[in-house]
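Me: Hi! I have a structure open and would like some help reading it. Can we go through it together?

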Amino acid sequence: MEKKDLRKKDIIASLIILVVGIFVLVDSFRMIFFTNAPGVKDIGWFVAPGVFPFILSVGVIIMSLIMLSIAYRESGRMKFESWRKFSKYFRSKDTFVMMAEIGLLFFYVFILLTKLRFILATILYLFLSMSIVKAASWFKIAIISVLVSLSIAYLFGNLFKIPLP
Amino acid sequence: MENLWLSIIHLLTSPNIILTMFISTTIGIIIGALPGLTATMAIAILVGLTYSLSTDMCFAIIMSVYVGAIYGGSITAILLNIPGTGSAAATALDGYPLAVRGEANFAIGITRTASFFGTVFGLIMLLTIAPQLSKIALLFTSVEIALLALFGVLVSGFVAAEDLKIKGWIAAFLGMLVSCVGIDLLHAYPRFTFNNPMMMSGIFFVPAMIGVFSIPQVLDNLRLVLPPRMKQTGSIIPKWSQISKYIPLSLRSGVIGTAIGIIPGAGEDIGAWMAYFAAKSTSREKEKFGKGSYEGIVAAETGNNAAIGGALIPLLTLSIPGSPPAAVLLGALLLHGIRPGPMLMFEFPEFLQQLGGIMLVASFILLISGILVAKFFIKALDIPPKILMPIVAVLSVIGAYAIHIRIFDVYVMLFLGVCYYFLFKLKYPVAPFVLGVILGPMIDENLRRAFWVHGGLLPVLTRPIALVLFVGVILLILLQFSWFQKLFTKKV
């Protein structure tokens, strides 16, 4: 990844991290000054449950601001064309495959594993996942998916007695 | 020392453990050799999968895979010019030119012996330094433990960052923030739980580390296409005369590898590079480096394997891992009720020797299984990542689920893994994040306990060790600012 491209993406990441930091800061503030936790009133605010997240959130906010300024400085001028070029990233084949694989992982964990038995869910996931990246011919992918799922289920479920999802 | 021999005798007289170690080392070498599969990822998944096994068996498997995987990376570095693990990147510089010259098998053979030597050297250092360091560590109270852990996390962020150093620290802080989720350890106060009963018990480190170590690798390597392997010619077993001339170099690389391994988060990758650069700068044949130098591959492989022992020194004595795989190993130790740190030598007096015995036996097994992999299982390298990566994703799901038998842990693993994938692409290092998740509760609990006992920050700093560590943390932070660096260099 080119440095300027990296820095443009760094800007977005820093903004997201900044928002996370602010959220934690607000919540930890509540956990320091509006809590009845034992010891806080007698000894001081520095033993409150919110102290550690408070320190961390301040650190995250400061660092994300520094990161933001570095990224802004090094990303070059924000021309409209450069942003359009940047948006090309989201339309590339690699990104499509990556997004499809992420979607498939969520589908496997949240839908397939909860609705189907482990072996069946895994066969389906492996088949779809390998098909997206065209790992081999359909027939080979089907065989690999079935054999791998059965082997994993037998090895971990039966041999090692590990509970499967 | 007596316990070490007893541990070795115990291992050698337990056929099931020896057989398991043999299989694990072999699998470790193959995992290390396969591009896209790393030692850390393998150990992270194994922590979940070996949870139900006895402590002996669990660490026999994990340590064998660890030792095997760090060596395995060199096979692909030599045959494909792609380091199987990050720690073999330096080996590729000279290993591949040797393979092009038709000396692939000899290079594989010599790196195997260098890896063996490095592991044994690191182990000797571990057994020598760890007991002494743990005596010093006994002087540490809550505040020193908290500051030391914080220092470790910050150093890790500093060392591991490939791009800007601040990214390593952001990763470390995010990891510590993740560790704050759940019931607070001192007040039993729910933090960031969103009234979700599943969140009350917090985010366990095993699903978190499996997620951030495996999911980004799975997504990143799905479209990786491997080049064809170089032809293997020549003998795979080097002669003693060929090995013995590199002993002084191996000793020096072992010292460098172990020393780098001790630095939190630095680990095997940097150990290999430092040993390589040291060998290059002191060699009489500098011009051969990068074009197929034996000294180059010997130094890199001794350095990375010696870092294994080095990384275990701070892990076992101070509870601060020296490398990413050691961070995952910390998770495994805690999971089996073994709390590393100053008290380890008292609570589990035989554990260090037990671990030493396992490492020694694993390194001897490496000598044999390394030949087997290079001769008979080499075809495993032809499995395309497109097939391998979805299987790794399934193993990650099982690993995350197996510890507490909760589907929520799988959700956590997936959520953190996918989130971290984007950070990983932006070159945020993974190791400081994991260190933050694991050491976060230790820092939080000990720091507030110290405040509670001493009544504030200033009384805490009257303790000399605490003051030194506090100054160290502040200096480490200030050194990131250019104005402070200028001030410092001007004065110097």
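Reply: Happy to! Two residues are in contact if their C-beta atoms, placed from the backbone, lie within 7 Å. Keep in mind as well that this is a predicted model.

Me: Okay, so how many residues does each chain put into the contact between chain A and chain B?

Reply: Chain B puts in 46 residues and chain A puts in 53 residues.

Me: Which helices of chain B supply at least two residues to that side?

Reply: Those are H8 (165-180), H18 (385-402), H19 (407-425) and H20 (430-454) of chain B. The largest share comes from H18(B), with 10 residues.

Me: And how do the residues on that side of chain B divide into nonpolar, polar and charged?

Reply: On the side of chain B that touches chain A, 36 are nonpolar, four are polar and six are charged.

Me: New topic: the core. Which residues touch the most other members of the largest nonpolar core?

Reply: That core has 218 residues, and B:Ile43, B:Ile62, B:Ile170 and B:Met209 touch the most other members. The helix that gives the most to this core is H4(B), with 16 residues.

Me: Let's stay with B:Ile62. What is it in contact with, leaving aside neighbours within four places in sequence?

Reply: B:Ile62 is then in contact with B:Ile43, B:Leu46, B:Thr50, B:Leu329 and B:Ala332.

Me: You mentioned H4(B). At what angle do the axes of H4 and H6 of chain B cross?

Reply: The axes of H4 (residues 55-79) and H6 (residues 104-137) of chain B cross at roughly 155 degrees and come within 10 Å. Angles over 145 degrees count as roughly antiparallel, so H4(B) and H6(B) are roughly antiparallel to each other.

Me: Is that crossing left-handed or right-handed?

Reply: H4(B) passes H6(B) in a right-handed crossing.

Me: Which residues meet there?

Reply: From H4(B), they include B:Val67, B:Tyr71 and B:Ile75, and among their partners in H6(B) are B:Ala104, B:Ile108 and B:Arg112. The residues of this contact divide into eight nonpolar, four polar and one charged.

Me: Last thing: what is phi for B:Phe192, and where is that residue?

Reply: Phi of B:Phe192 is near 50 degrees, a positive value in a residue other than glycine. Most residues other than glycine have a negative phi. B:Phe192 is in the loop between strand E2 (190-191) and helix H9 (197-200) of chain B.

Me: Why does B:Phe192 count as partly exposed?

Reply: Because B:Phe192 has 19 C-beta neighbours inside 10 Å, and a residue needs 20 or more to be buried.

Terms used:
Residues numbered from 1 in each chain as written. Chains lettered and ligands numbered in written order. Predicted model: local features only at pLDDT ≥ 70, side-chain atom pairs only at ≥ 80, totals over all residues. Axes fitted to C-alpha atoms, helices over the stretch in contact; angles between N-to-C directions. Helix = DSSP H or I, 4+ residues; strand = E, 2+ residues; numbered from the N terminus. Parallel < 35°, antiparallel > 145°, perpendicular 65-115°, else oblique. Left-handed = near helix turned anticlockwise from the far one by under 90°. Nonpolar A, V, L, I, M, F, W, Y, C, P; charged D, E, K, R; others polar. Buried ≥ 20, exposed ≤ 12 C-beta atoms within 10 Å, placed from the backbone. Core = buried A, V, L, I, M, F, W, Y, C linked by C-beta atoms within 7 Å.
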